[in-house]
Structures are given as structure tokens and as C-alpha cells.
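Work through the exercises below with the sequence and the 3D structure at hand. Each task is followed by a solution in steps.

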Amino acid sequence: MGNKYSQAKAITLKGHKGVVYDVIQLNDIELASCSDDKNINIWNLQTGMVEMSLTGYASPVTSIIYLRDGRIASSSVEQSIKVWTLDNHRCDFTAMGHNGSVTCLLQLSDDNIASGSADTTIKIWNCKDMMNIKTLEGHKKTVKCLAQLNNGKLVSGSEDKTIKIWDVKYKKLC
């Protein structure tokens, strides 16, 4: 006899041809996922089927986030960030600026986007035009994850085995 979770049925969604790196919920019936097959799939949870695939990468897609304006931002090994409009399956922007794989993304409370990279930096991008407005330097290895604290400070975790807390406004460590 197990607990209530051991008896839950799993739903398996099949459609990627490679390792799945990230999954996000878009709404009550849709998920988005990205993979090293270079695609972003939008899944219908009611049917278990892929509704659409967003393509345009030449290398694995490493991270996706759902933006507050209803678009998706994605990052890749090819050092780019793309912003997609789902209604027309269109890539609105491709931002380049990192000198290594872009490994993680986060939308900040001011709507800007933060990206972490294998180049050891964190870049802050204006969400409207995807122009790089700040670069934070301090890690010695790949930045693997980002979070924002309730007080607005940015937190980064790295392969250098450190967690850094940043004051983004003043581009410095706290």
C-alpha cells in the first residue's frame, strides 16, 4: 500500500527526438518544452499531442520562459535568445551577446529578461526590443540558474560552486 502519490497515473508526452531541457506551463491546457532536438514544442494536455513546434535553432534549446505579455523567450547553445509570439508561430527577436551557450533565463519583476551563460556572465535585456542593457561579471564558470528575491535582488548559481546575490541597478555583488 502506498501514499496517494504512488497511485497517481503518469501522462507521457512523446514528440521530442532528444533530451528535454525545460518545461513550462502556458495555461490550463498547454505546456511548452525545449530539447536538444533544436525545437520548442507546444503540447495540448487534453490530447497529449504537439499543437505546434517552434523551429529556427541550429543547436539545442536549453531554456524557455513564459513572459508576462504572453510570448515565450528561449535560449540555446548557439549563444542566442529568441522571443516568440505563439499566435503566429513567429520569432519576434533574436538577441545575440553572450560568448557561450545561454543556459538559463528569468523574467525580472521590471519585465526585463536576465540570461546566464557558459561565458560566466549574466546579461540583462530590455524585454521590448531585446537590447542588452547590463552585463554582470563575477562567476568563474557557467551560470546555471537564476532567481529573483522578494527584495528585487538577482541570485545566480554557477558551476564554480557559488551562489551570488546581485544588485542589478548598480551592477554589483551585494
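**Before starting.** The model is predicted, and local features need pLDDT of at least 70, side-chain atom pairs count only at pLDDT 80 or more, and totals for chains, interfaces and linings use all residues. Residues are numbered from 1 along each chain as its sequence is written, and side-chain values use heavy atoms, with hydrogens and water left out.

**Exercise 1.** State which strands each supply at least two residues of the lining of the largest pocket.

Solution. Step 1: fix the terms. On a 1 Å grid over the protein atoms alone, a pocket is an open set of points where a 1.4 Å probe fits, with protein on both sides within 12 Å along at least five of seven lines; lining residues have an atom within 4 Å of a point. Strands are DSSP runs (E, at least two residues), numbered from the N terminus.

Step 2: take the volume, which is the space filled by probe spheres set on the points, with grid points joined across faces, edges and corners. The largest pocket has a volume of about 160 Å³. It is lined by 14 residues, and the closest to its centre are D110, Q148, G152, V168 and K169.

Step 3: read off the strands. They are strand 12 (132–137) and strand 15 (163–167).

Step 4: sort the lining by type. Ala, Val, Leu, Ile, Met, Phe, Trp, Tyr, Cys and Pro count as nonpolar, Asp, Glu, Lys and Arg as charged, and the others, Gly among them, as polar. The lining has five nonpolar, four polar and five charged residues.

**Exercise 2.** Find which residues are joined into one network by salt bridges that share partners.

Solution. Step 1: a salt bridge is a side-chain nitrogen of Lys or Arg within 4 Å of a carboxyl oxygen of Asp or Glu. The whole structure has six salt bridges.

Step 2: look at R71 and D92, whose closest N and O atoms are 3.6 Å apart. R71 is in the loop between strand 5 (61–66) and strand 6 (72–76), while D92 is in strand 8 (residues 90–96), 21 residues apart.

Step 3: check exposure, where buried means under 20% relative accessible area, exposed over 50%, and partly exposed in between (1.4 Å probe, protein chains only). R71 is buried at 12%, and D92 is partly exposed at 22%.

Step 4: D92 also forms a salt bridge with R90, with closest N and O atoms 2.6 Å apart. R90 is partly exposed, at 44%.

Step 5: look at E159 and K144, a salt bridge with closest N and O atoms 3.9 Å apart. E159 lies in the loop between strand 14 (154–158) and strand 15, and K144 in strand 13 (residues 143–148), so this pair ties together parts 15 residues apart in sequence. E159 is partly exposed at 41%, as is K144 at 45%.

Step 6: the network consists of D69, R71, R90 and D92.

**Exercise 3.** Y57 and W84 form an aromatic pair: what is the angle between the planes?

Solution. Step 1: rings of Phe, Tyr and Trp (its six-membered ring) pair if their centres lie within 6.5 Å; planes under 30 degrees apart count as stacked, over 60 as edge-to-face and the rest as tilted.

Step 2: the centres of Y57 and W84 are 6.4 Å apart and the planes make 55 degrees, so the pair is tilted. Both Y57 and W84 are buried.

How values were computed: Helix = DSSP H or I, 4+ residues; strand = E, 2+ residues; numbered from the N terminus.
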